[in-house]
Amino acid sequence: VGAGADILDVNVGLPDIDEKAMMIKAVKSIQGVTNVPLQIDSTIPEVLEAALRVYNGKPMVNSVNGEEESLKNVLPLVKKYGAAVVGLTLDKDGIPPKAEQRVAIAEKIIKLCEKIGIPKEDIAIDCLTLTASAEQLAVNETLKAVRAVKEKFGVRTVLGVSNISFGLPNRELLNHIFLTMALENGLDLPIINPNVASMTGAVRAFKLLKAIDVNSVEYIAAYGSDTPTAVAKPKSSEVTLEYAIDNGLKADAAKITEQLLIDTDPMVIINERLIPALDKTGTLFEQGKIFLPQLILSAGVAQSCFDVIKA
């Protein structure tokens, strides 16, 4: 979690253990130390239901697939407990070799989910990564399937990224490149080791470059090591003009400026409040303690204050 994991998969399926009791214990113990959502991972419906019953919040179930028995046993539990679910694009014949076949299984799962009242936002489809060492041509089929599922159905997509490199040297390099290829093709939820910097870095960089990470906030928080520690936002009545400029709070800054104009000369606001605040952000930028997106954000907030003064 400290390395950046957004969801934790919980699987306790070991030989000669009481999987149901162990799953209950694991879920309770993990939820006692973290608020990160958990993915309940078991092939046994009774184990899934036991975990769902004690889970505090909205879990994800891993998984259902295109086999009739799996659909019959798992989806009613997902609906009953209001969980999200991962759908695997395989059936009784295994993993289909072609993207179109995997998309057809995804469609079957999605339609049945919707039929029993599981909304699309609670569905994630895993188009399944096969190892490039044994099935090289399947790599592109997986990517095609991910893109097709995303474009056709609009659900979230999942992949176990590291499967791609099994049996090959320099696995980290292959995992990294495949991850970036998959993200560009519509992958939402990569299953990765968050302790591998190149993997979490690829996700952060992708989000920045695709404008998902607005104003580069997450990226800078991760890599701007000299960035000043964020201060908790005070109550709205206690937010100062300087705080608003430092933190990109345009609406707050404009409102404060309007209030100041009631009994303060505009030039006093400019010379004693706005300009010093901008000088401060400029100095922090020159020192490498904040970065260009933050500088631009602060300048935009200050401009909103000037606009209020001019009005």
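Axes here are lines fitted to C-alpha atoms, and angles between them run from 0 to 180 degrees between N-to-C directions. With that in hand, the predicted model can be read starting from its sheet.

The sheet is an open one with seven strands, lined up in the order β1-β2-β3-β4-β5-β6-β7 and paired in parallel. At its edges sit β1 (8–10) and β7 (189–191), each of which pairs on one side only. Going from one strand to the next, the twist averages 30°. As a bit of background, strands of a sheet pair through backbone hydrogen bonds, either parallel or antiparallel.

Two of the pairings can be followed in detail. Strand β2 (residues 38–41) and strand β3 (residues 60–65) run parallel and are joined by three bridges. One residue to look for is Asp-41, whose bridge partner in β3 is Asn-62. Something unusual to look at comes right after Asn-62: the peptide bond from Asn-62 to Ser-63 is cis, with omega near 20°. Ser-63 itself belongs to strand β3. Further along the sheet, β5 and β6 are also parallel, and three bridges join them. Here Ala-124 has Arg-156 of β6 as its bridge partner.

Now for the helices that lie on the sheet. Helix α1 (residues 19–31) goes across β1 and β2, and its direction is at about 170° to that of β2. Helix α5 (residues 138–153) packs on the sheet too, where it touches β5 (123–126) and β6 (156–160) and makes an angle of about 160° with the direction of β6. Strand β6 is mostly covered, with four of its five residues buried.

Two loop residues stand out for their backbone angles. Leu-128, in the loop between β5 and α5, has a phi near 70°, which is positive even though the residue is not a glycine. Asn-170 is another non-glycine residue with a positive phi, of about 50°, and its place is the loop between β6 and α6 (171–184). Are these residues buried or exposed? Leu-128 counts as buried because its relative accessible area is 12%, under the 20% cut-off. Asn-170 has a relative accessible area of 51%, so it counts as exposed, the cut-off for that being over 50%.

Leu-128 also turns up among the contacts of Arg-102, a residue of helix α4 (residues 99–115). Which side chain of opposite charge is nearest to Arg-102? That is Glu-141, 6.3 Å away, and Arg-102 is buried yet has no salt bridge. The reasoning is simple: a salt bridge needs a side-chain nitrogen of Lys or Arg within 4 Å of a carboxyl oxygen of Asp or Glu, so 6.3 Å does not qualify. What the side chain of Arg-102 does have is a polar atom 3.0 Å from the backbone oxygen of Pro-96. Leaving aside neighbours within four places in sequence, Arg-102 is in contact with residues including Thr-89, Ile-95, Cys-127, Ala-138 and Ala-145.

Finally, there is Cys-305, in helix α12 (residues 292–310). Cys-305 counts as buried because its relative accessibility is 0%. Not counting residues up to four places away in sequence, Cys-305 touches Leu-241, Ala-253, Thr-257 and Leu-274. Cys-305 and Lys-250 are 55 residues apart in sequence, while their C-alpha atoms are 8.2 Å apart in space.

Conventions
Residues are numbered from 1 along each chain as its sequence is written. This is a predicted model: local features need pLDDT of at least 70, side-chain atom pairs count only at pLDDT 80 or more; totals for chains, interfaces and linings use all residues. Side-chain values use heavy atoms; hydrogens and water are left out. Buried means under 20% relative accessible area, exposed over 50%, partly exposed in between (1.4 Å probe, protein chains only). Lys and Arg count as positive and Asp and Glu as negative; His and the chain ends are not counted. A polar contact is a pair of N or O atoms within 3.5 Å; within protein, one must be able to donate a hydrogen and the other to accept it, and residues adjacent in sequence count only if both atoms are side-chain atoms. Contact means heavy atoms within 4.5 Å. Two strands pair if DSSP finds at least two bridges between them.
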